[in-house]
Amino acid sequence: MKFSKLIKKPKSYFKVKPNLEDYNKTYKNFNYKKHYKEIEWIKKNKLNAAYNAITKHTLTEKKNKVALYWEGPNGEKKEFSFLEMDLLSNKFANLLKKYKVKKRDRIFLFLPRVPELYIAFIGILKTGAIAGTLFSAFQSKALEDRLKDSGAKIVVTTKELKKRIYQVKRNLPELKHIIVVDDKKRSKQEIDYQKEMETISQEFKIEETGPEDLAFMLYTSGTTGKPKGVIHSHLACLHEHMTSKYVLDIRDNDVYWCTADPGWVTGIAYEILGSWSVGASSLVYAGRFSPEKWYSLIQKYQVTVWYTAPTAVRMLMRYGDKLVKKYNLKSLRHLCSVGEPLNPESVKWSIKVFKRPFHDNYWQTETGGIVIANYPLMPIKPGSMGKPVPGIKAAIINDNGKELPANKQGTLAIKPGWPSMMCDIWKNKKKYNSYFKKGWYITGDKAFKDKDGYFWFIGRDDDVIKTSGERVGPFEVESALVEHPAIIEAGVIGKPDKLRGEIIKAFITLKPGYRPSAALEKNIQKFVKKRLAGHAYPREVEFRKNLPKTRSGKIMRRILKSQELGQKVGDTSTLEKF
Ligand code: WT7
């Protein structure tokens, strides 16, 4: 078992006092009830996460402060104050009302990171409807699965992206309208965002939702079946507020940059609900990754807090130290990363070039907010995810729900009941219930805790793949693969990769008459990309005569993985001969 030593943060790191001054003391005495007043309630027992993120600031001197610095792919720039965000989202809420949106209706955002995405998200929550987000990389099949299962009533999208919705619209009987943010109305179902927003009222009475009312949902992948709709309540914003404060260490005068897309829960919790709740000015960059561009954004906007993903850090590392030196990045105060293991080399590199370490933290779509983290004042053990967030009881347990002692590997579990814990899986109680065992919420990850209480990630306990931080379910990829005319069967695994953490690898058997070839491999990859998304296709394809299966015919991904890694295959007594 690898243990790395505590590293010292450079002196310059401690110039300002962090929000969380004493981890142990805060952790020990923490009680969520005592922090209810840190967020803004509309009135007793009435909480709306949009009111808390945006509207509350308009009642203070912050009202003209920049909430959103937006920079587009071609250098276009826009700025929105908290007041502007509030009024625009009021307009959007009125627009939804005009088209008969009610509490609990599902309204989905299928948008690139344009300002309208943020305005619409806040507007949806103000009406009491449920906001769903979709990566703009999603192709028709991925869209159909999600929009159909959720019974989405309205999708907000662009002229370019709407084509993919039309490809599957016949299978979406509950979809009533398509709001297009950059085009005029071209069919009966479409709504012209720009035109309607011009004239609609900017006064809106925010729905007085209760803390348990549903606010937003995201589809996420598991090991079996299609992606599931994970739902969060308005109260999630309490945990997102507290962790924005304690973990991301955001304060009033920060310019904060989270590089995540709101198609991912990070972009909702820490680009909208938590980070705005603590009053940060947020930078959103809608363009593609480029190290030069990223550094120049930090320099130009004087970013102080930066939240990104380990794959991005590794990519930056690849471009080397010389490039970093070309920019003045002295504004940076605190760096965090999430989504996949942050390797020790990245932490050390960031100390070298940015004069401060990246602070790894851990959470999931289902946890709705950070649950394990490294904190500004706590020494870092590079490679460790850190310690549980105040208010979170995390443990390593065995299959009987028993807590394991230090240094023993087991399942990472959390005591249910924190405010941002998912409150349901859309129309799938059985799946929801399956997350809870023996009084614990089961993360599906394997980890251990060392004697100092630091948690170390080992790997998934299931077949879920993490590629560049994106969570991909093998079943979704396998289902797309077997639709290909040449394929009989497919088994999909995550294969370790230095840059991306894992890549998707597919094992395939072909129908008679088809032969393995490089051209066929390319064709298969394109086929999956066209259905799912750019990140969800197999970068490696291996053709096999047959695949390892149980006697009941289930493809054993575990065996494929062991073979791929050159490990012992383990017990195969229940297997069909392969
Ligand atoms: C899975 C969750 C992470 C933001 C929410 C989206 C993996 C997450 C870490 C980390 C190692 C990590 C786990 C987890 N993961 N953070 N710091 N170190 N692994 O997350 O898409 O729902 O995925 O991401 O496997 O279960 P998500």
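Here are some notes on this predicted model, point by point.

1. **The open sheet.** A good place to begin is the mixed sheet of eight strands, which is open and runs in the order β7-β6-β5-β3-β4-β8-β9-β19. Its edges are β7 (190-192) and β19 (424-425), each of which pairs on one side only. At the β19 end, the partner is β9 (residues 228-233), and the two strands are antiparallel, with two bridges between them. If you would like a residue pair to look at there, Val230 stands opposite Ile425 of β19.

2. **Strand β21 and its surroundings.** Is β21 (residues 440-449) enclosed or open to the outside? Eight of its 10 residues are buried, so the strand is largely enclosed by the rest of the structure. Several strands pair with β21. Four bridges connect it in the antiparallel sense to β18 (residues 410-414), and in this pairing Gly410 faces Ala447. With β22 (residues 455-460) the pairing is again antiparallel and is made over five bridges; here Asp445 stands opposite Arg460.

3. **Two hairpins on β21.** Strand β20 (residues 436-437) is joined to β21 by two bridges and runs antiparallel to it, with Phe436 opposite Tyr441. Two residues lie between the strands of this hairpin, and Lys438 has a positive phi near 50° there. The hairpin of β21 and β22 has five residues between its strands, and in this one Gly453 takes a positive phi near 90°.

4. **Positive phi in loops.** Most residues other than glycine have a negative phi, so a couple of loop positions may be worth a look when you check the backbone. Arg104 has a phi near 75° and belongs to the loop between α3 (82-98) and β3 (106-110). Its relative accessibility is 46%, so Arg104 counts as partly exposed. The other position is Gln302, with a phi near 55°, in the loop that runs between α10 (291-301) and β12. Gln302 is partly exposed as well, at a relative accessible area of 42%.

5. **The second largest pocket.** If you plan to look at pockets, the second largest has a volume of about 1500 Å³. Which of its 40 lining residues are closest to the centre? They are Arg113, Gly287, Arg288, Phe289 and Glu470. The lining takes at least three residues from each of two domains, domain 1 (11-449) and domain 2 (465-565). By class, it comprises 22 nonpolar, 11 polar and seven charged residues. Among the elements of the fold, β12 (305-308), α11 (310-318) and β26 (501-510) each provide at least two lining residues, and α11 gives the most, with three.

6. **A salt bridge between two helices.** The count of salt bridges comes to 44. One of them joins Lys98 and Glu196, whose closest N and O atoms are 2.6 Å apart. This pair links distant parts of the chain, since Lys98 is in helix α3 and Glu196 in helix α7 (residues 193-199), 98 residues apart. Are the two partners buried or exposed? Lys98 is partly exposed, at 45% relative accessibility, whereas Glu196 is buried, at 14%.

7. **Salt bridges from strand β25.** Glu489 pairs with Lys549, with 2.9 Å between the closest N and O atoms. Lys549 lies in the loop between β27 (540-543) and α17 (557-565) and Glu489 in β25 (residues 487-497), so the salt bridge ties together parts of the chain 60 residues apart in sequence. The accessibility of Lys549 is 14%, which makes this lysine buried, while Glu489 is partly exposed, with a relative accessible area of 22%. Further along β25, the side chain of Lys495 meets that of Glu540 at 3.0 Å, N to O. Glu540 sits in strand β27, 45 residues from Lys495, and is partly exposed at 24%.

8. **A salt-bridge network.** Which residues are linked with Lys495 and Glu540 in a network of salt bridges? Lys505, Glu542, Arg544 and Glu564 are the other members.

How values were computed. Residues numbered from 1 in each chain as written. Predicted model: local features only at pLDDT ≥ 70, side-chain atom pairs only at ≥ 80, totals over all residues. Heavy atoms only, no water. Pairing = 2+ DSSP bridges. 1 Å grid on protein atoms, 1.4 Å probe; cavity = no way out; pocket = protein on both sides within 12 Å on 5 of 7 lines; lining within 4 Å. Points joined across faces, edges and corners; volume = space filled by probe spheres on them. Nonpolar A, V, L, I, M, F, W, Y, C, P; charged D, E, K, R; others polar. Domains from an automatic or database assignment. Buried < 20%, exposed > 50% of the residue type's maximum accessible area, 1.4 Å probe, protein only. Salt bridge = Lys/Arg side-chain N within 4 Å of Asp/Glu carboxyl O.
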